[in-house]
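Here is a walk through one protein chain for someone meeting it for the first time. Take a look at the sequence and the structure, then read on.

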Amino acid sequence: MNERLYEIVDFILNEATYGELEVVTAALKKRLRDSDKTPMGVNPEKIAREMASRINQQVGFSVDQIRETVKSLVKDIIKREAPGIPQKDLQSLLEKWVPEHSNGKSKIPSDALLTMIKQFISYSTGTMPVNEQSNLKKEIPNWHEKYWQMFSSETRQNISDFLKGRIDEVTFWKRIKKEI
């Protein structure tokens, strides 16, 4: 398979922020919707322009929708690159490249959830850089409210206890890491 493909999938699964995942999802949906309109797909410049305008209008996708879109894209790419791949091998690759990360507590990947918590705490304590606040607000309107709704009740309680000074920072992060 193509080295570039591995880099793209690795970025999506291991490095992309929630906002970047929303951008990828919007682009993938557009690409899948428009892929039959031209012989080679859509002009990348056109995708970029349309994606930029849609980001501002976007209500936001749940992590499950993002995961399913990415999984569908990866499945299509695998089938295109290896048309005769047995179903068992296809499933194995999908599980490896797009893991569920469900531990019974949250369907959000642990690393993404940890980033969300760090951003929420940083924002709530006034230590988040202005440019990061601006980027998050642009990418995900009302992001702090959406994050809060996505956190488990245990995470919410730990955040509340930390912000109200009921627990110290070390205790807070120990609890969070134990939960996720």
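## Glu15, out in the open

Glu15 counts as exposed because its relative accessible area is 51%, and the cut-off for that label is over 50%. You'll find Glu15 in helix 1, which covers residues 3-15. Keep in mind that this is a predicted model.

What does Glu15 touch, once residues up to four places away in sequence are set aside? The answer is Asp10 and Glu20. There is also a long jump along the chain to look at: Glu15 and Asp111 are 96 residues apart in sequence, yet their C-alpha atoms are 8.7 Å apart in space.

## The chain as a whole

Stepping back, the chain has 10 helices and zero strands. Read from the N terminus, the elements go α-α-α-α-α-α-α-α-α-α. Of the 180 residues in the chain, 36% are buried.

Now for the contacts with a separation of 6 or more: 62% of them join residues 24 or more positions apart. As for the outside, the accessible surface of the chain is about 11200 Å². Carbon and sulfur atoms account for 51% of that surface.

## Two nonpolar cores

In soluble globular proteins, nonpolar side chains tend to be buried together. Here, the largest nonpolar core has 20 residues. Which residues have the most contacts inside this core? They are Ile117, Tyr147, Phe151 and Phe172. Helix 6, helix 8, helix 9 and helix 10 are the elements that give two or more residues to the core, and helix 6 gives the most, with six.

Take Ile117 as a way in. Leaving out residues up to four places away in sequence, Ile117 touches Phe151, Thr155, Phe172, Trp173 and Ile176. Apart from this core lies another one, of 17 residues, and among them are Leu5, Leu13, Val70 and Ile77.

## Leu114 in helix 6

Leu114 sits in helix 6. Is Leu114 buried or exposed? Its relative accessibility is 18%, so Leu114 counts as buried, the cut-off being under 20%.

Beyond the residues up to four places away in sequence, Leu114 touches Trp173, Ile176 and Ile180. The C-alpha atoms of Leu114 and Lys177 are separated by 8.1 Å, although these two residues are 63 residues apart along the chain.

## Helix 9 meets helix 10

Helix 9 takes in residues 153-163 and helix 10 takes in residues 169-179. How do these two helices line up, and what is the angle between them? They pack at about 175°, with their axes 10 Å apart. Helix 9 and helix 10 are therefore roughly antiparallel, since an angle over 145 degrees earns that description.

On the helix 9 side, the residues that meet helix 10 are Glu154, Thr155, Asn158, Ile159, Asp161 and Phe162. Their partners in helix 10 are Glu169, Phe172, Arg175, Ile176 and Glu179. Sorted by kind, the residues of this contact are four nonpolar, two polar and five charged.

## What helix 9 tucks away

The buried residues of helix 9 are Thr155, Asn158, Ile159, Ser160, Asp161 and Phe162. Their cover includes helix 6 (110-124), helix 8 (143-150) and helix 10.

Asp161 is worth a stop on this list of buried residues. Asp161 counts as buried because its relative accessibility is 11%. With neighbours within four places in sequence left aside, Asp161 is in contact with Arg166, Ile167 and Arg175.

## Two positive phi angles

Just after helix 9 comes Gly165, which has a positive phi of about 80°. Asn142 has a positive phi too, of about 55°, although Asn142 is not a glycine.

Where is Asn142? Asn142 lies in the loop between helix 7 (130-139) and helix 8. With a relative accessible area of 44%, Asn142 is partly exposed.

Notes:
Residues are numbered from 1 along each chain as its sequence is written. This is a predicted model: local features need pLDDT of at least 70, side-chain atom pairs count only at pLDDT 80 or more; totals for chains, interfaces and linings use all residues. Side-chain values use heavy atoms; hydrogens and water are left out. Axes are lines fitted to C-alpha atoms, for helices over the stretch in contact, and angles run from 0 to 180 degrees between N-to-C directions. Helices (H or I, at least four residues) and strands (E, at least two) are DSSP runs, numbered from the N terminus. Angles under 35 degrees count as roughly parallel, over 145 as roughly antiparallel, 65 to 115 as roughly perpendicular and the rest as oblique. Contact means heavy atoms within 4.5 Å. Ala, Val, Leu, Ile, Met, Phe, Trp, Tyr, Cys and Pro count as nonpolar, Asp, Glu, Lys and Arg as charged, and the others, Gly among them, as polar. Buried means under 20% relative accessible area, exposed over 50%, partly exposed in between (1.4 Å probe, protein chains only). A nonpolar core is a set of buried Ala, Val, Leu, Ile, Met, Phe, Trp, Tyr and Cys residues joined through side-chain atoms within 4.5 Å. Accessible areas come from the Shrake-Rupley method with a 1.4 Å probe; for residues, only the protein chains shown count as cover.
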